[in-house]
Amino acid sequence: MSGGVAGTFAVARLEWRRMVVRPLAWVLAALTLAWLAWNFTLLLGGFLAGQVQRAALPDGPGFTDLVAVPLLGQLAQLSFLVVPLLGMSVIAGERRNGTLPLLFAAGLPASRIVLGKYLALLGWLLLWLALTLAMPLALAHATDLDWGKLAAATLGLALMLAVLAALAVTCSAFASHPAIAAAAALIIALALWSVNVGAQMAGINGGVLNWLAMSTHEQPLLRGLVSTADLAWFALLIVVALALASRRLDNERERG
Amino acid sequence: MTTIISSSPPVVLQLDRLSRRRAGRHAVRSLDLSLHAGQVLGLLGVNGAGKSTTLSMIAGALRPDSGGIRLRGEDFLEHPELARSRIGWLPERAPVWAELSVSEHLDAHGRLRGLNGSTLRAARERVLDRLDLQPLARRLAGVLSQGQRQRLGLACALLHRPELLVLDEPANALDPVQAVALRGLIREQAAAGTAVILSTHLLAEVTAACDRVAILHDGCLRHDGPVQADDHQALERTFFEIAMHGDAAARAA
């Protein structure tokens, strides 16, 4: 393993360990998973109650449409709050503690430090997604899951979490205080989701604003439609956000 | 055939007209300095003289505005990754990740410096024993006293057996017994061929532990010479002369 890759994993492992021993990540995971489990039982109850009526429809919605995807939709809503809170300290916290120079002095490029921290945060978020996904999957033997649609929705959620994590890391790189980083990440994420609301209300379905909005690229995935253009949008945003964070850290090493 | 072997130890660190501005002023100006293997250099100066800025640049945590840093002849600014294995740094106030235990700290530092597996475990045990940290190994770094943090910082700096040890006020918060132990540790490292550069406010620390002393004032090197262990007063005179009349001394020079 090359020094750079080993360095990235060393940073990721350090960040993961710090996340695991802090109560914030556990409290957030416990509260949100409890909330999602409660909603899962409500969605399941509704699904079972309407089963007789839907049996008459030739091509009616199934378990995936009425339980699994809406549950993932709720996870998406929670992630707007959870990701900024989890990511706020990754760099801003190091800066406040005075430990950021320790990472600089390990001879790692800023991009490796950012990438390591991003991977740790993303790992935690993907675990959160997997635990949520385990709820509908636990009933896979007793129901007829639309695997393709569920896979597309899961991919959409994973990409959305990846973008929000990249934004959180970037805000943390720019902010002097973790709370400012969390607030900035929340505002930017909400703005990115709804930047096209005005255009939609005016009946405009194309253009730059619609392209820029996260909802434009997330909703097709939640409906089971995977397109290269949407995947490219997510990848582009992640790369741009992480590049900005790396640039900021590089400047900090220059500026002191 | 006769082979001539040079007895002079190799130059580990070479600073060439190193300069850095900080907070709108020249923190370090055109600093030239070199350090041989096994040599201990004490860096003295009043607050704001540029000691910590100099050491941060040497450690790779801060880039100079101009000038060069060479580590065993290699350009450190071109290859900052050299810091990974060759430099051990104890920053001022020894910052720690409060939520990690002492042992986890050392593991994290070791991995950042390229150690892993049995090598890392052996290195961790070695420094835990050497710095008397074994009883604190499972304690969270956040609850350590400042003196204990300082020892943890030293352990992290020594973990990967660096060629150059950069210590920023290492005696801070240490009790007299620990301060004496620190001197012993520094001399032991130097005897093993490690070049050591340490900044301090304690002149006694310099006469006791260093071979050479450099005095910075207002970012400039005002004095660089050997330390006479038995002449503490001479060092004191030189230091206060520079500290009180630095500019005048510089003009006279």
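**Entry 1: the four-stranded sheet of chain B**

I began with an open sheet of four strands in chain B, ordered E2-E1-E4-E5 and paired antiparallel. The model is a predicted one. I looked for the edges next. They are strand E2 (25-36) and strand E5 (74-75) of chain B; each has a single partner strand, so one side of each is left without a neighbour in the sheet.

I then checked one pair inside this sheet. Strand E1 (residues 11-22) and strand E4 (residues 66-71) of chain B run antiparallel to each other, over five bridges. I picked out B:Leu13 and found its bridge partner in E4(B) to be B:Leu71. H1(B) packs on this sheet. H1(B) touches E1, E2 and E4 of chain B, and its direction makes about 125 degrees with that of E1(B).

**Entry 2: the six-stranded sheet of chain B**

I moved to the other sheet. This one is open too, with six strands in the order E6-E7-E8-E3-E9-E10 (chain B), and its pairing is mixed. Which strands stand at its edges? I found strand E6 (87-90) and strand E10 (220-226) of chain B there; each has a single partner strand, so each keeps one side without a neighbour in the sheet. I also noted the turn between neighbouring strands: 15 degrees on average, direction ignored.

I took the E6 edge for a closer look. E6(B) pairs with strand E7 (residues 164-168) of chain B in the parallel sense, over four bridges. I followed B:Gly88 across and reached its bridge partner B:Leu165 in E7(B).

Two helices on this sheet went into my notes. Helix H1 (residues 51-59) of chain B packs on the sheet and touches strand E3 (40-44), E6, E7, strand E8 (195-199) and strand E9 (212-217) of chain B. The direction of H1(B) makes about 150 degrees with that of E7(B). Helix H5 (residues 146-158) of chain B also packs on the sheet, touching E6 and E7 of chain B. I read about 170 degrees between the direction of H5(B) and that of E6(B). I note that H1(B) packs on the four-stranded sheet and on the six-stranded sheet.

**Entry 3: H3 and H5 in chain B**

I stayed with H5(B) and looked up helix H3 (residues 102-112) of chain B. The axes of H3(B) and H5(B) come within 9 Å and cross at roughly 30 degrees. The two helices are therefore roughly parallel to each other. Their crossing is right-handed. I listed the residues that meet: B:Val102, B:His105, B:Leu106 and B:His109 in H3(B), with B:Leu152, B:Ala155 and B:Cys156 in H5(B). By class I have five nonpolar, two polar and no charged residues in this contact.

**Entry 4: H2 and H4 in chain A**

I switched to chain A. Helix H2 (residues 23-49) and helix H4 (residues 63-87) of chain A have axes that come within 10 Å and cross at roughly 160 degrees. H2(A) and H4(A) are therefore roughly antiparallel to each other. This crossing is right-handed. Among the residues of H2(A) in the contact I noted A:Leu28, A:Trp35, A:Phe40 and A:Phe47. Those of H4(A) include A:Phe63, A:Pro70, A:Gln74 and A:Leu86. I sorted the contact into 19 nonpolar, three polar and no charged residues.

**Entry 5: H8 and H9 in chain A**

How are H8(A) and H9(A) oriented to each other? Helix H8 (residues 147-174) and helix H9 (residues 178-194) of chain A pack at an angle of about 140 degrees, with their axes 8 Å apart. I put them down as oblique to each other, therefore. H8(A) passes H9(A) in a right-handed crossing. On the H8(A) side I noted, among others, A:Met160, A:Leu164, A:Cys171 and A:Ser172. On the H9(A) side the list includes A:Ala181, A:Ile188 and A:Trp193. The contact of H8(A) with H9(A) has 13 nonpolar, one polar and no charged residues.

**Entry 6: chain A against chain B**

Last, I looked up the interface. How many residues does each chain give to the contact? I have 28 residues from chain A and 24 residues from chain B. The area buried between the chains is about 2,300 Å², and carbon and sulfur atoms give 58% of this area. I then asked which three residues of chain A supply more of its buried area than any other three. They are A:Leu102, A:Ala105 and A:Arg253, with 25% of the area that chain A buries against chain B.

Terms used:
Residues numbered from 1 in each chain as written. Chains lettered and ligands numbered in written order. Predicted model: local features only at pLDDT ≥ 70, side-chain atom pairs only at ≥ 80, totals over all residues. Heavy atoms only, no water. Axes fitted to C-alpha atoms, helices over the stretch in contact; angles between N-to-C directions. Parallel < 35°, antiparallel > 145°, perpendicular 65-115°, else oblique. Left-handed = near helix turned anticlockwise from the far one by under 90°. Contact = heavy atoms within 4.5 Å. Nonpolar A, V, L, I, M, F, W, Y, C, P; charged D, E, K, R; others polar. Pairing = 2+ DSSP bridges. Buried area = accessible area lost by both parts, 1.4 Å probe.
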